[in-house]
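Biologist: Could you give me a close look at one part of this model, please? I'd like to see what that part touches, and how it fits in with the rest.

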Amino acid sequence: MNCKRCGSKAVIRIDYANLTLCAEHFSEWLETRVEKTVKDYGMVAPGDIVAVAVSGGKDSTTLLHVMKKVSERMKFDVVGINIDLGIDRGTKYSSLSTELAVRNFELTGVNYKVVKLKETHGFTIDETKHRVKRPVCSTCGLVKRYVLDEVAKEIGANVLATGHNLNDMAVFVMSGYHTGDLQNLARLRAVSPGENGYIKKIKPLFLTSEKETTTYALVNKIPFLLDSCPNNPKVGGPTSDKLRRMVELTEEEIPGFMLRLVENFERRIRPFFEDLPRFNLGKCKVCGKPTNSDRDICSFCALKIKMNGGEVSNVVSGE
Ligand code: SF4
Ligand code: ZN
Ligand code: ZN
């Protein structure tokens with residue numbers, strides 16, 4: 001298998017594009033593709049400060065390196081954020097995640113901030129496991145969304161970039177169709193405009209597959225965390241995991257399936273959701289951020305109060 005551009009040994013075959021590429025031409029191809037995505041979807045403008053959320057895994061570390069290169073051509077700034085979520089369960093997952101993120105911040109020379117959830121908000125994700133009813137990944141998602149938004153703004157960024165890849169997006173789309181949860185589908189966006197007090201959020205890798213991000217990280221010798229989170233649902237577990245395998249098997253049979261599924265969703269289907277009735281947003285009495293629940297305080301503040309031994313009702317009534 002030889003590179004279609006230079007004839008040397010290829011490192012990847014991209015079936016849907018009928019391309020085989022060597023390490024150098026693949027890296028160039030992926031960087032150009034991400035730059036085109038950033039431009040086509042109006043993700044970043046010159047002068048913006050983009051905070052890249054880095055967990056230390058292959059997608060977020062690849063995103064950091066690629067966005068640093070794209071930023072030099074498009075004239076915007078990149079800063080890094082890592083959250084130490086306090087996930088251990090005998091694996092040191094969070095400390096390793098922070099260690100890898102910091103190594104990549106230093107390799108790319110970006111300014112960065114590491115936030116320890118325990119120090120800033122008084123609890124860890126591990127501690128929430130037996131104290132709150134929602135599934136741990138749902139709690140973790142809530143915490144990450146809130147803290148990333150908070151820290152990105154604190155360090156002066158006006159855009160927050162996350163490493164969701166094409167496979168993730170394809171699974172979200174399929175899962176939305178499967179459950180018929182239109183509100184969830186409507187929230188699935190490659191670019192979420194900064195509104196209601198939230199920072200603008202972008203997913204520059206949403207058209208880049210997991211195979212591509214992994215190959216990019218490997219051929220560019222990017223250090224990344226191979227272990228997955230100990231809370232990661234195991235194969236054969238929840239429905240979303242089965243949907244992921246189904247989507248990936250279909251991709252093998254129909255090359256380009258994931259790309260068409262996600263691109264068609266973003267360009268042709270999601271615009272119909274703009275007309276869906278929106279939640280009436282209230283204002284959290286603790287932090288002032290929007291809350292779409294019928295309660296007076298947002299889900300994050302309610303979680304934080306509970307984890308710090310308080311009572312939500314006392315806070316709301318001002319006792
Ligand atoms: Fe958080 Fe779940 Fe991801 Fe672990 S697998 S980092 S708990 S969302
Ligand atoms: Zn080549
Ligand atoms: Zn709040």
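Modeller: Happy to start with the two domains: the C-alpha centres of domain 1 and domain 2 lie 26 Å apart. Domain 1 spans 39-278 and domain 2 spans 280-319, with bounds that come from an automatic or database domain assignment. Please bear in mind that this is a predicted model, where local features need pLDDT of at least 70, side-chain atom pairs count only at pLDDT 80 or more, and totals for chains, interfaces and linings use all residues. Residues are numbered from 1 along each chain as its sequence is written, while chains are lettered from A and ligands numbered from 1 in the order in which they are written.

The contact between the domains takes 13 residues from domain 1 and ten residues from domain 2; two residues are in contact if their C-beta atoms, placed from the backbone, lie within 7 Å. On the side of domain 1 that touches domain 2, helix H5 (125-128) and H6 are the elements that give two or more residues, and H6 gives the most, with four residues. Helices (H or I, at least four residues) and strands (E, at least two) are DSSP runs, numbered from the N terminus. By class, this side of domain 1 has five nonpolar, six polar and two charged residues. Here Ala, Val, Leu, Ile, Met, Phe, Trp, Tyr, Cys and Pro count as nonpolar, Asp, Glu, Lys and Arg as charged, and the others, Gly among them, as polar.

H6 is worth following further. Helix H6 (residues 136-154) also gives the most to the shell around ligand 1, again with four residues. That shell consists of Ile87, Ile125, Val136, Cys137, Cys140, Gly141, Cys229, Asn231 and Asn232, a residue being near the molecule if its C-beta atom, placed from the backbone, lies within 6 Å of it. Six of the shell residues are nonpolar, three are polar and none is charged.

H6 meets the sheet as well: the helix lies across E3, E4, E5 and strand E6 (159-161), running at about 140 degrees to E4. Axes are lines fitted to C-alpha atoms, for helices over the stretch in contact, and angles run from 0 to 180 degrees between N-to-C directions. The sheet is open, with six strands in the order E5-E4-E3-E6-E8-E7 and mixed pairing; two strands pair if DSSP finds at least two bridges between them. Strand E5 (111-116) and strand E7 (191-192) stand at the edges with a single partner strand each, so one side of each has no neighbour in the sheet. Within the sheet, strand E3 (residues 49-53) and strand E4 (residues 77-84) pair in the parallel sense over five bridges, and valine 52 stands opposite glycine 80 in E4.
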